[in-house]
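Biologist: Walk me through this model, please. I want the reasoning behind each label.

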Amino acid sequence: MIWILLGPPGSGKGTQAKRIQSEKGIPQLSTGDMLRSAIQAGTELGRKAKSLMDQGSLVPDEVVVGLIKERTLLPDCKPGFILDGFPRTIPQAEALDRLFQETGRTIDRAVLFQMDDSELVARLSGRRTCVKCGSMFHIYSQPTQKEGICDKCGAQVVQRDDDQIEVIQKRLKVYHSQTEPLVGYYEAKGKLARINASQTPSKVEASLKQLI
Ligand code: AMP
């Protein structure tokens, strides 16, 4: 099973990818998480990516394509995987198609998480993320039990630099101009499914299960 979760930042792709991962036992491949790990590890790639990410811009296609190429060759990806936040541009989607042609794999579905910009801004600006385990919370809809402390691992919970309001606006602009064209790309291939991402996470999960 190879699925692409497509949709704007804050639409819940990561949450749902993690749920599918634990239920189906296939890994969630998030290029955003891979880049954040590189930043934390202080690698050269991380240093280069950080300034682009902090501004809400995309990291160059060849960088993320390289990360995905390497990752999908690991043994845990054999039964399938869920792509979360990749591809994000038409050239990335084309590179993925070429990679799959070479490795004899096919995409089963691209699922579009649909949500209005105003709701995305509210979600992202209140979002708080654990520095250690990456768990996500929200100051209003899902606060931590102890302020600033992750319920799951006890580490610090912070606002991501790219969840500041000006950066959110930029990320949405980038989404509409560079990522949204992928909707037509996968629709033309007969792979696209749409879900209403404004529902509760459990309802979104149920909608996804119907597609599996
Ligand atoms: P995310 O956690 O998916 O919202 O990604 C956070 C940031 O990482 C994005 O705003 C981009 O700067 C960068 N990023 C993640 N995935 C990609 C991608 N597929 N292509 C380019 N940049 C990416």
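Modeller: Keep in mind that this is a predicted model. Start with the side chain of Thr 179 and the backbone oxygen of Arg 88.

Biologist: What makes that pair a polar contact?

Modeller: The side chain of Thr 179 comes to 2.8 Å from the backbone oxygen of Arg 88. The cut-off for N or O atoms is 3.5 Å, so the pair counts as a polar contact.

Biologist: Why is Thr 179 called buried?

Modeller: Its relative accessibility is 4%. Buried means under 20%, so Thr 179 qualifies.

Biologist: Which residues is Thr 179 in contact with, leaving aside neighbours within four places in sequence?

Modeller: Leu 6, Pro 87, Arg 88 and Val 174. Thr 179 itself lies in helix H7, residues 165–179.

Biologist: Now the ligand. How do you know that Arg 36, Ser 57 and Gly 85 make polar contacts with the ligand?

Modeller: Set each distance against 3.5 Å. A polar side-chain atom of Arg 36 is 2.9 Å from a ligand oxygen. For Ser 57, a backbone N or O atom lies 2.6 Å from an oxygen of the ligand. For Gly 85, a polar backbone atom sits 2.9 Å from a ligand nitrogen. Each pair is within 3.5 Å, so each counts.

Biologist: How much of the ligand does the protein bury?

Modeller: Alone, the ligand exposes 480 Å², and the protein buries 95% of that.

Biologist: What makes up the shell around the ligand?

Modeller: By class, 6 nonpolar, 5 polar and 5 charged residues. Helix H2, residues 31–41, gives the most, with 4 residues.

Terms used:
Residues are numbered from 1 along each chain as its sequence is written. This is a predicted model: local features need pLDDT of at least 70, side-chain atom pairs count only at pLDDT 80 or more; totals for chains, interfaces and linings use all residues. Side-chain values use heavy atoms; hydrogens and water are left out. Helices (H or I, at least four residues) and strands (E, at least two) are DSSP runs, numbered from the N terminus. Buried means under 20% relative accessible area, exposed over 50%, partly exposed in between (1.4 Å probe, protein chains only). A polar contact is a pair of N or O atoms within 3.5 Å; within protein, one must be able to donate a hydrogen and the other to accept it, and residues adjacent in sequence count only if both atoms are side-chain atoms. Contact means heavy atoms within 4.5 Å. Accessible areas come from the Shrake-Rupley method with a 1.4 Å probe; for residues, only the protein chains shown count as cover. Ala, Val, Leu, Ile, Met, Phe, Trp, Tyr, Cys and Pro count as nonpolar, Asp, Glu, Lys and Arg as charged, and the others, Gly among them, as polar.
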